[in-house]
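Reader: I am new to this structure and would like a close look at a single part, the nonpolar core, with enough of the surroundings to place it. Please take it slowly and connect the pieces as you go.

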Amino acid sequence: GVEARNCTGQILHSIPASVDTGPVLEWSLDRLLKATKYNFSIAATTEVGKGSSYSISVWTSEDVPEESPMEVTGESTTSSSITLSWEPPPANCQNGEITGYQIRFTNQPVLSPEEWSTQDVSGTAVDATIEGLE
């Protein structure tokens, strides 16, 4: 059988090695892992036995990462700039290909995070310098 687990190892769904769905022509699975390749094999059966099978591979869709970047550090590089460095979220929690990061910052603690300034970092970069700070 197959077990689908989330990025922390919790079992989300268990699929037996053989499934008898009866006389149906469609079968759905839910709670699968995101951005994951699944292999399926299907064969018709009669009272006499199982016929030849057809195999197919299908990828589930990407989703937002389940975990934040790790090992984030910051260093003042000038009196008005700070360089941040980080490691990507754990690979099994990325839920697809990381295409960038968004950094939010403020020196006004009364503001909600939605009101903070932002700087987008595209690609796979794992550091950024925030300049023009007061």
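Author: What follows begins with the chain as a whole, turns to the core, and then moves outward to the loops and the surface.

The model is a predicted one, and its chain has 0 helices and 9 strands, so that, read from the N terminus, the elements run β-β-β-β-β-β-β-β-β. Of the 134 residues of the chain, 15% count as buried, while the area that the chain exposes comes to about 10,200 Å², with carbon and sulfur atoms supplying 51% of it. Among contacts between residues at least 6 apart in sequence, 38% join residues at least 24 apart.

Within this setting, the largest nonpolar core is made of 7 residues, namely Trp-86, Ile-98, Tyr-101, Ile-103, Val-121, Ala-128 and Ile-130. Two strands, β7 (100–105) and β9 (127–130), each supply at least two residues of this core. Ala-128 offers a way to see how the core is joined to its surroundings: leaving aside residues up to four places away in sequence, Ala-128 touches the core members Trp-86, Ile-103 and Val-121, and its contacts also include Ile-82, Thr-83, Leu-84 and Gln-119.

The core also holds an aromatic pair, one of 2 in the structure. Trp-86 and Tyr-101 meet edge-to-face, with 5.1 Å from centre to centre and 65° between the planes. This pair links distant parts of the chain, for Trp-86 belongs to strand β6 (residues 81–87) and Tyr-101 to strand β7, 15 residues apart. Trp-86 counts as buried because its relative accessible area is 6%, and Tyr-101, at 11% relative accessibility, counts as buried as well.

Between the two strands of that pair runs a loop that deserves a careful look, since the loop between β6 and β7 is where Asn-95 is placed. Asn-95 has a positive phi of about 60° although it is not a glycine, and with a relative accessible area of 6% Asn-95 is buried. Most residues other than glycine have a negative phi, which is why such a value is worth pointing out. Ala-35, in the loop between β2 (11–15) and β3 (37–45), likewise has a positive phi, here of about 50°, without being a glycine. Ala-35, however, is partly exposed, with a relative accessible area of 21%.

From that second loop the view can pass to the surface by way of Lys-37, which lies in strand β3 and, at 43% relative accessibility, counts as partly exposed. Not counting residues up to four places away in sequence, Lys-37 touches Ser-57, Val-58 and Trp-59. Lys-37 and Val-58 are 21 residues apart in sequence, and yet their C-alpha atoms are 5.7 Å apart in space.

Val-58, for its part, lies in strand β4 and, at 40% relative accessibility, counts as partly exposed. Together with Ile-42, Tyr-54 and Ile-56, Val-58 makes a nonpolar surface patch of about 430 Å², to which strand β4 (residues 50–59) gives the most, with 3 residues. Nonpolar side chains therefore appear in two settings here, because the core is by definition a set of buried residues, whereas the patch, with Val-58 among its members, is on the surface.

Note on methods: Residues numbered from 1 in each chain as written. Predicted model: local features only at pLDDT ≥ 70, side-chain atom pairs only at ≥ 80, totals over all residues. Heavy atoms only, no water. Core = buried A, V, L, I, M, F, W, Y, C linked by side-chain atoms within 4.5 Å. Buried < 20%, exposed > 50% of the residue type's maximum accessible area, 1.4 Å probe, protein only. Helix = DSSP H or I, 4+ residues; strand = E, 2+ residues; numbered from the N terminus. Contact = heavy atoms within 4.5 Å. Patch = residues over 30% accessible without salt bridge, like charges linked within 9 Å, V, L, I, M, F, W, Y side chains within 5 Å. Areas by Shrake-Rupley, 256 points an atom, 1.4 Å probe, with all protein chains shown as cover. Salt bridge = Lys/Arg side-chain N within 4 Å of Asp/Glu carboxyl O. Phe/Tyr/Trp six-rings, centres within 6.5 Å; stacked < 30°, edge-to-face > 60°.
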